[in-house]
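Reader: I've got a structure to look at and no idea where to begin. Can we go through it together?

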Amino acid sequence: MTLSTSLYEIQRQVFRIGGPVLIAIGSISCLLNLFILTKDTLRKNPCTICLIAVNIINFSYFYLGLLPTTLDVGYDIDPSTTSLAFCRFRYYVGFILACWQASCLILASIDRTLITSGNARIRKRSTSRSVKVSMIFLGIFWLLAESHALIFTDIVEFGYNYFVCFYRPGLYTTIMAYHSFIIMGFTPTLLMAIFSLWTVKNIRSIRRRRRPVQDAPITTPGMITIQSPLALRSKDRQLIRILLIDILAYIICKFPSVIALLYLQVTSNYEKSADEQIIQQSIMQISFFWYFIDNGIGFYKNILVAKAFRTELKRILFS
């Protein structure tokens, strides 16, 4: 077997076997996360609101993004090659969910930066209302900003009697390659990294400025009262840990597919043999499967890194 044949068969089996498994495991993960995060002890926290939205988006993305690709690559069932409306809807929804997920994680990162600030006025800006308003605004923004997919996505004939739902050939394909890299890859990653490092810096600053206390924040004349290190070891601190792990998983899982798409665009003018095209397409599909790993492991990450999460799970199971 040639390399292209081997990779093609690997990608096919990855989606045929791994696709349904990931959808099942991921759906359970999202539902359990939602079940725990919506409990009274957690759901009023601004960061929790963002994580609830992320899990709703992840659950939707499995059935509107991964499932159609699994049917196409693994089982040769692709209605988007016969229905232009479905073809455009599939890409449109995929863009919105990907951008909205990244936006919610960025909002959660900003909230954790605010809540760990040494300035009381800045901490007060971390509110549930501001997070909800921001998420609604961003949702409407992405609904409008990604509407181009409803116009410029087509059923393209790549070979004799071989049709694929893809970007309209030409300038739009070039724009979308850089759109994926900048809007769904580089920019979200950069912003999450900046606010995550800022949050860590705030926590270290609090540790240096305050000695451990039992409960209440220390009040010193002439100094602004800030949260004690002990307060940051509560649910807020555990939510920070959950968020940082989510961001790290996002970067590891999302970036390969963005890089692969950008590489395909940069080398689009090079002459490639049939084998080379199959190899590149197979790598692209496998990277797309890897893209969804992050969406399906949230619950399993949370029970490993957050004691409050494990406590809520035990309370649910044994109550």
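Author: Start just after helix 2, where D76 takes a positive phi of about 55 degrees. Keep in mind that this is a predicted model.

Reader: OK. What about helix 2, how far apart are its end C-alpha atoms?
Author: They are 42 Å apart. Helix 2 has 30 residues, and at 1.5 Å a residue it should span 44 Å, so the two values agree.

Reader: Where is the kink in helix 2 centred?
Author: On Y61. The kink is about 40 degrees.

Reader: And what happens at the start of helix 2?
Author: N45 sends a side-chain oxygen to within 2.9 Å of the backbone nitrogen of C47.

Reader: Is helix 2 mostly covered or mostly uncovered?
Author: Mostly covered. Of its 30 residues, 21 are buried.

Reader: New topic. How many salt bridges are there?
Author: The count comes to eight. As background, side chains of opposite charge can pair when their charged atoms come close.

Reader: Give me one. What does R90 pair with?
Author: R90 forms a salt bridge with D78. Their closest N and O atoms are 3.3 Å apart. R90 sits in helix 3, residues 84–115, while D78 is in the loop between helix 2 and helix 3. The two residues are twelve apart, and the pair links distant parts of the chain.

Reader: Why does R90 count as buried?
Author: Because its relative accessible area is 15%, and buried means under 20%. D78 also counts as buried, at 15% relative accessibility.

Reader: Which residue does R88 meet in a salt bridge?
Author: D154, with N to O at 2.9 Å. D154 lies in strand 1, residues 153–159, and R88 in helix 3, so this pair ties together parts that are 66 residues apart in sequence. Both D154 and R88 are buried.

Reader: Which residues are linked in a network of salt bridges?
Author: D246, K254, D294 and K301. Within that network, D294 pairs with K301, their closest N and O atoms being 3.5 Å apart. D294 is buried, and K301 is too.

Reader: Switching to empty space. What volume does the largest pocket have?
Author: About 1,900 Å³. It is lined by 50 residues, and the closest to its centre are V164, F166, Q281, M284 and Q285.

Reader: Which helix gives the largest share of that lining?
Author: Helix 10, with ten residues. Other elements also give two or more residues, including helix 1, helix 7 and strand 2.

Reader: How many cavities of 30 Å³ or more does the structure hold?
Author: Three. The largest cavity has a volume of about 140 Å³.

Reader: Who sits closest to the centre of the largest cavity?
Author: V54, N55, N58, D246 and G298. They are among the 16 residues that line it. D246 came up earlier, as part of the salt-bridge network.

Reader: And which helix gives the most to the lining of the largest cavity?
Author: Helix 2, with four residues. Helix 11 (293–296) and helix 12 (298–305) are among the elements that each supply at least two.

Reader: So helix 2 keeps coming back. Where else does it turn up?
Author: In the largest pocket, where helix 2 is one of the elements giving two or more residues to the lining. Helix 3 is on that list as well, and helix 3 also supplies at least two residues to the lining of the largest cavity.

Notes
Residues are numbered from 1 along each chain as its sequence is written. This is a predicted model: local features need pLDDT of at least 70, side-chain atom pairs count only at pLDDT 80 or more; totals for chains, interfaces and linings use all residues. Side-chain values use heavy atoms; hydrogens and water are left out. A salt bridge is a side-chain nitrogen of Lys or Arg within 4 Å of a carboxyl oxygen of Asp or Glu. Buried means under 20% relative accessible area, exposed over 50%, partly exposed in between (1.4 Å probe, protein chains only). The expected span of a helix is 1.5 Å times one less than its number of residues. The bend at a residue is the angle between axes fitted to the seven residues ending there and the seven starting there. A polar contact is a pair of N or O atoms within 3.5 Å; within protein, one must be able to donate a hydrogen and the other to accept it, and residues adjacent in sequence count only if both atoms are side-chain atoms. On a 1 Å grid over the protein atoms alone, a cavity is a set of points where a 1.4 Å probe fits but cannot get out, and a pocket is an open set with protein on both sides within 12 Å along at least five of seven lines; lining residues have an atom within 4 Å of a point. Grid points are joined across faces, edges and corners, and a volume is the space filled by probe spheres set on the points.
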